[in-house]
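Student: Could you take me through the salt bridges here, looking closely at which side chains pair up and how exposed to the surroundings the partners are?

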Amino acid sequence: MRKMKASRNQAGVESNYSYAVVKAVNAAALAIGAEISSARVLQTIVEQARKLTNARYAALGIGSDPKRPFDPWVFSGMDEAVARLLPHFPRPQGLLGAVVLEGHKIRLRDITKDSRYRGFPLHHPQMTSFLGVPIRHKGETIGNLYLTEKTGADEFTEQDEEVVEMLAAHAAIAYRQAQLYEQLHTAHTRFETLFENSPAGIVFVEAATDRVYENEAARALFGRRLQPEAGRQQYVGQFFSADGLPLSLAEFPTSKALWGEVVVGAELVVRRPDGEEKSVLANAAPVRNAQGVVTAAVVIIQDATPLKLERLREEFVSIVAHDLRTPINVITGFGELLSRDLEKKGMSAGERRAVAAIQNSARRLNHMVQDLLDASRLEARRLTLEKRPVDIPVLVQEVVERLSPMLSPHPLLISVQGTPPMVEADPGRIEQVLTNLLTNAAKYSPPETDIQVAVVAEPQEVMVSVTDHGLGIAPDDIPKLFSRFFRTKEARASAHGGLGIGLYISKSLVEVHGGRMWIESEVGKGSTFYFALPAAPSVAANQKRVG
Ligand code: ADP
């Protein structure tokens, strides 16, 4: 190309002409470079190439894979209505394909006379003169540019070839830049979305400028907006160590990260301008560039209050478990001893009542403690199940027999429908559910009324129901029944005490077994509590196969 220009320069007139061409190509390159979207860049390339070469049609395909070289495919000069009748992008065959496969420019006076010509698709306009040029970037072909039907001449000239090659070089750069810009834009938008919507507070500090940027969650934790240009200094006095000592600038997790240190799980206290103090957990890390130089620091700050609450709950659980249980066991033990001693000596009726009251109260207290522990463990998902195959009708029978002396004024009726499948469950926990439903049924219904327990075989599950003919539950109360510490007005007014967590525990226990619990009730008539447990997986699979 340079050789050609030199010879033309010697020819004088020609050199002016060549200068005009270079100017035109530069103008075209500028027009292309002005576009930022890659789609617009490609469209401008075809339009400019067509203009510069006086071609009736121009098109270009992008793609470095020879099997997919025209995706996207962009064109100019083609009638829209005709273009719509053609495939979305052509196949790499014939002369279009030849430029791709051979990897060099092809210039022809008449395509149809070339041996590589394969004909045009249906509806495609007729084309004769042809110029195809690969678009290369850093030694790699990234696409191909085509011009056809030179207007006012029979074929494209050597100069057209030169012009298109020059343009293709500019085009490649502009296209790659546009793509980079788009990638950068996408990455930036993704980062912004993550940054702003993250539930954790994030603060970003630029090493060179000490500018700070915080997200919405950080603003909420700090109780104020930071000024980027005021740097890290602006929150000195707002951060304290877990034992209440103010942090110096150098002790900030961001400062440490700027020095290249990674800070994990630092427990800090943030004092907000409104005086409120918040416990936070901070993790910080340096951000390095390709050369490994720290360019920024990022710190992620989480509200540690829920963690603190969790810790308090654990403490509470251990207090309940150990400190409360020990005295209860002492009361139960000595109650027994007292009862036996008095029995030997001969108890009065009053003494017998007193000892029985001590023992019953200790038992109830023990149940309550156990319930509180269970509720707490269920909430913290710390309850462990000792699962094994359980035959529910057998378990129901055993539990009913065990409880019947306690529920004695109530006739207990058991029915089993169908052949319930085995379930994979912790029998102790299912017994706990049944015991709670049965004692509730007895507590909240007049003595002597029946309590019916039904076990029903359902497809893929076993359903158990406990029906009483007692108080019933008002429709408004039903949705609240399974929440912790809820007791109906009627229950609170009754002589029966309770914490209101039995049903919460029962439902949670059924759910940790993959089952569900629900209720039907009518005020004044009685209630039915249902629970269903899924059949053991092997049983369920067999049933499916049979079904
Ligand atoms: P508790 O019985 O210790 O109060 P539960 O969680 O077992 O706690 O029950 C919660 C509330 O649901 C009870 O206080 C009572 O108001 C109501 N309830 C439970 N079972 C029945 C029932 N069989 N009939 C009427 N009300 C019931």
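Tutor: In this predicted model, the side chains of R219 and E214 come together in a salt bridge, with 3.2 Å from N to O. Both partners fall under the 20% limit that marks a buried residue, because R219 has a relative accessible area of 14% and E214 has one of 6%.

A second salt bridge joins R84 to E80, and here the closest N and O atoms are 3.9 Å apart, which still lies within the 4 Å that the definition of a salt bridge allows. R84 and E80 are four residues apart in helix α4, which covers residues 80-85, so about one helical turn separates them. R84 is exposed, at a relative accessible area of 66%, whereas E80, at 47%, counts as partly exposed.

A similar spacing along a helix appears in helix α14 (residues 502-512), where K507 and E511 are four residues apart and therefore separated by about one helical turn. Their side chains form a salt bridge with an N to O distance of 3.0 Å. K507 is partly exposed, with a relative accessible area of 23%, and E511 is also partly exposed, with a value of 40%.

Beyond such pairs, R272, D274, E276, K278 and D303 are joined into one network by salt bridges that share partners. The bridges described here belong to a total of 31 salt bridges in the structure.

Key:
Residues numbered from 1 in each chain as written. Predicted model: local features only at pLDDT ≥ 70, side-chain atom pairs only at ≥ 80, totals over all residues. Heavy atoms only, no water. Helix = DSSP H or I, 4+ residues; strand = E, 2+ residues; numbered from the N terminus. Buried < 20%, exposed > 50% of the residue type's maximum accessible area, 1.4 Å probe, protein only.
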